[in-house]
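Me: I have a two-chain model open and want to get the terms straight. Can we go through it together?

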Amino acid sequence: VSWVEPDIHGSVHNPQSNADWSQLLGSYGAKDGDPLAQVFRIARSNRARTVVEENRYVDSDYRSEYSAFWSERFPSRPAFARRLHFFRRTVTDERVHAIPADAGYLGYATLKPIVPGRVGRTVMAPPPRLAKATLTMATDRVSVFGTPFEVTGSPFVEQDTEYLICAHAATWMCHYHAALRGLVGRRHTAELVRLTPALYHERALPSPGLRLNQIQAVFGATGQPALFYGIGNLPTVEGVDTPIPKLDAVGRELPAGFWDTRLFSVICRYLNAGFPVMVATTVHAFVIVGWFREGKMIRFVACDDNVGPYEVITSPFTDRRAPWQALMVPLPPKVYLSGENAESNAHMQIRAYAGSPMATPAWKELATRLAGGKDIALRTFLRSNLAYKSVVGQQERGDDATRALRLARMPHWVWVVEAHDRAARQAHKRSVVAEWVWDSTSHDKRPGVVAFSLPGAVVAVPPDGGTPVAVGGPTGPWRSHFDVAPQP
Amino acid sequence: MAAEKKPHGVLVSPDLARISEGVFRTSDEAAETLTPAERASFNEASQSVVDARQSAEALEGLLRIN
């Protein structure tokens, strides 16, 4: 059977045993350890019973690569892709033209007629192990022989090592996620390659690898300039422990990627905001798409083009790619304020109000507990003001507070810092005892507050010197944004 | 003022009016209420964010990602 069969629509597979799945994997020239094998593992963990294969699929990403590169090569190469759709229920070829809506759609993986680089645009539902993880996901809509389905997941694509390399794959994974969220217009993979500026003496093709400023240029050109963090110089945040550097056997300081625990909070702020974080090592790039707690440990979830979607990273410090060197976080262009300064300033203001003449006993107690560093945890995330105001109405903060916050004048994106009572949060009770909302367009040196809530009071602070409005607020904890809407 | 409060820390109009008038407009204004040690710690954190923005230069040319 050739890659592009003119006489068939595709095929339906119903693998049951390990051998059936291995045989299917092998039929695409893949083996255990390849990204396609990881796609299959994810599908099987979600109890996939059916794989519907589309023949002669016109994948606009692959077609863009084909036009720009593969068609220029001497060996012949099909212009078409294939696409696999995974279903939890059994679907037969006889009914593939009318798949029921409740067939349990689990996602898709595009296959390209190239190896390496077999796995093209892919969006799979996350595995059950990640059910409680915070994941940066977006919803994609597909048509399977005319029947519409949708899947919510983190996009994935494999590099081909010649045209699309890992840096392109990583930028695309961030970009397609933003495009699905409607934050930017969609660019095809070949456009990302074309947007890479030639800043060095090497030829662009075959790609010798990208430098950080080239990656930044691609992020910028696609409408999501990236915040940059060198892991050797992570910012300090009030209330977050500054780690002690780790030394090697002869007393030399090891690279910060082996010990700087601040990277957990830096990365999680953006994951909590719904934005994936690209990690760069000296030779590789991949994307962190989520995190979860396992006991007292934080685990990251990655999409690495060499591995596949939803790889669980036990620890960044023992990770085989360690030491991580840099983080890049593509964000909406007008988010100028960093999450770190939003959090530090919220910390500072809670303590400042407790020391002001109008402080209530509850404010003073909150500040004392916050300064103690154990009882109160700050959770910082970016939200559109639409998402923020939508959730405010579901947090049970009272009608006055809801009105004040929903009518407050806010920029499109706001940084939100929630102060959580740790014990209440661990007991799955209402846990938010204070909240600061920051203007994301303000400067790190002069963060602009938009609204804040302390026990008993909610204050909206208008822009341009307008008059602040304080109303009565809840005196006890209220529901977190994450309890109401885990996905932004 | 305390006599005007309802039970359980609920604030009444005079409290809220004072809060409206006492809002800190800038971080510097808020920081004035902190102790010198607290202020120094906060300033260090703020400056570290600015410093972190400049760390890309140290990595430029070091990494080639492929």
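Me: What makes α8(A) count as largely enclosed by the rest of the structure?
Reply: Buried means under 20% relative accessible area, with exposed over 50% and partly exposed in between (1.4 Å probe, protein chains only). In α8(A), 16 of the 16 residues are buried, so the rest of the structure largely encloses this helix. Bear in mind that this is a predicted model: local features need pLDDT of at least 70, side-chain atom pairs count only at pLDDT 80 or more, and totals for chains, interfaces and linings use all residues. Residues are numbered from 1 along each chain as its sequence is written, chains are lettered from A and ligands numbered from 1 in the order written, and side-chain values use heavy atoms, without hydrogens and water.

Me: How do you know that the span of α8(A) agrees with what it should be?
Reply: The expected span is 1.5 Å times one less than the number of residues. For the 16 residues of α8(A) that gives 22 Å, and the end C-alpha atoms lie 23 Å apart, so the two agree. Helices here are DSSP runs (H or I, at least four residues), and strands are too (E, at least two), numbered from the N terminus.

Me: Why is the pair B:E38 and A:R351 called a salt bridge?
Reply: The rule wants a side-chain nitrogen of Lys or Arg within 4 Å of a carboxyl oxygen of Asp or Glu. The side chains of B:E38 and A:R351 meet at 2.7 Å, N to O, so the pair fits the rule. Across the interface of chain A and chain B, the rule finds 1 salt bridge.
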